[in-house]
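Notebook open, coffee poured. Today I'm going through the charged side chains to see who pairs with whom.

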Amino acid sequence: MKKTRHIGLLIAALLLAQPAHAGGQLEEAMSANVRSSLQRALADTPVTRTAFRNPADGAAWLKEMSHRLAKRMPDEDERLEFLTTLHWEASRAGVDPQLMLGLIQVESGFRKYAVSPVGARGYTQVMPFWVKTIGNPNHNLFQLRTNLRYGALILRYYIDIEHGDLFRALGRYNGSLGQPEYPTLVVNAWKRYWDYTPRTQSADNRTDSDPRS
């Protein structure tokens with residue numbers, strides 16, 4: 001019985017590790033100040049709640065997003081942990097959590113162990129060079145919070161260097177700057193499946209601000 005279960009888990013792991021249909025960020029020169037800022041943001045203390053100031057708003061968001069995500073992520077505990085972590089990490093980076101859900105849908109199809117043909121890893125398909133650039137060797141890009149934190153900070157960084165131009169920022173994220181296909185896919189997924197208006201404006205979702213300042 002144990003042997004059968006072990007084989008089943010191995011097959012499941014292999015299936016989860018199949019390449020994702022995503023590109024990859026390109027390694028570019030970065031100023032020492034920006035690198036230091038990103039490093040500090042990565043090292044910030046983890047928090048296990050959403051960024052909504054009103055707990056009722058957070059509960060409403062989790063309930064709605066959990067319902068929408070259920071078919072893609074059937075395990076409820078896993079789903080709620082994912083959504084709670086995503087909302088906090090996206091919000092603290094100044095990125096709309098619903099945009100992040102659209103990005104993850106396109107990048108990895110919500111597969112934790114997705115690997116792209118160019119080596120991008122996890123939910124947000126982070127390229128390993130980022131660990132060397134702004135992280136440390138202990139960072140595991142398949143770990144939930146680590147992956148979401150990197151993904152949110154990288155997207156924020158691209159939004160900043162593109163002066164708020166989301167389509168160009170998304171192009172950079174995918175390594176396809178100047179091409180419309182990928183940004184269009186992400187924005188369409190965001191607006192079609194994940195668009196959400198809270199009952200009150202109590203979430204700290206500041207897509208036009210820099211959380212590292």
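I started with Arg-156, which is buried at 3% relative accessibility. Worth remembering that this is a predicted model.

Next I looked for a partner. The side chain of Arg-156 meets that of Asp-160 in a salt bridge, 2.9 Å from N to O. Both sit in helix H7, 4 residues apart, so about one helical turn separates them. Is Asp-160 buried or exposed, or something in between? I get 25% relative accessibility for Asp-160, so I logged Asp-160 as partly exposed, because buried would need under 20%.

Then I moved to Glu-89. Its relative accessible area is 1%, so Glu-89 goes down as buried. Which residues does Glu-89 pair with? One of them is Arg-92, in a salt bridge at 3.4 Å, N to O. I checked where these two lie: both are in helix H4 (residues 76-92), 3 residues apart, about one turn of the helix. Arg-92 is buried as well.

Glu-89 also forms a salt bridge with Arg-149, and here the closest N and O atoms are 2.8 Å apart. This pair links distant parts of the chain, since Glu-89 is in helix H4 while Arg-149 is in helix H7 (residues 144-161), 60 residues apart. Arg-149 comes out at 4% relative accessibility, so I put Arg-149 down as buried.

Following the links further, I found Glu-89, Arg-92, Arg-145 and Arg-149 joined in a network of salt bridges.

Last, I searched the whole structure for salt bridges and got 7.

Conventions:
Residues are numbered from 1 along each chain as its sequence is written. This is a predicted model: local features need pLDDT of at least 70, side-chain atom pairs count only at pLDDT 80 or more; totals for chains, interfaces and linings use all residues. Side-chain values use heavy atoms; hydrogens and water are left out. A salt bridge is a side-chain nitrogen of Lys or Arg within 4 Å of a carboxyl oxygen of Asp or Glu. Buried means under 20% relative accessible area, exposed over 50%, partly exposed in between (1.4 Å probe, protein chains only).
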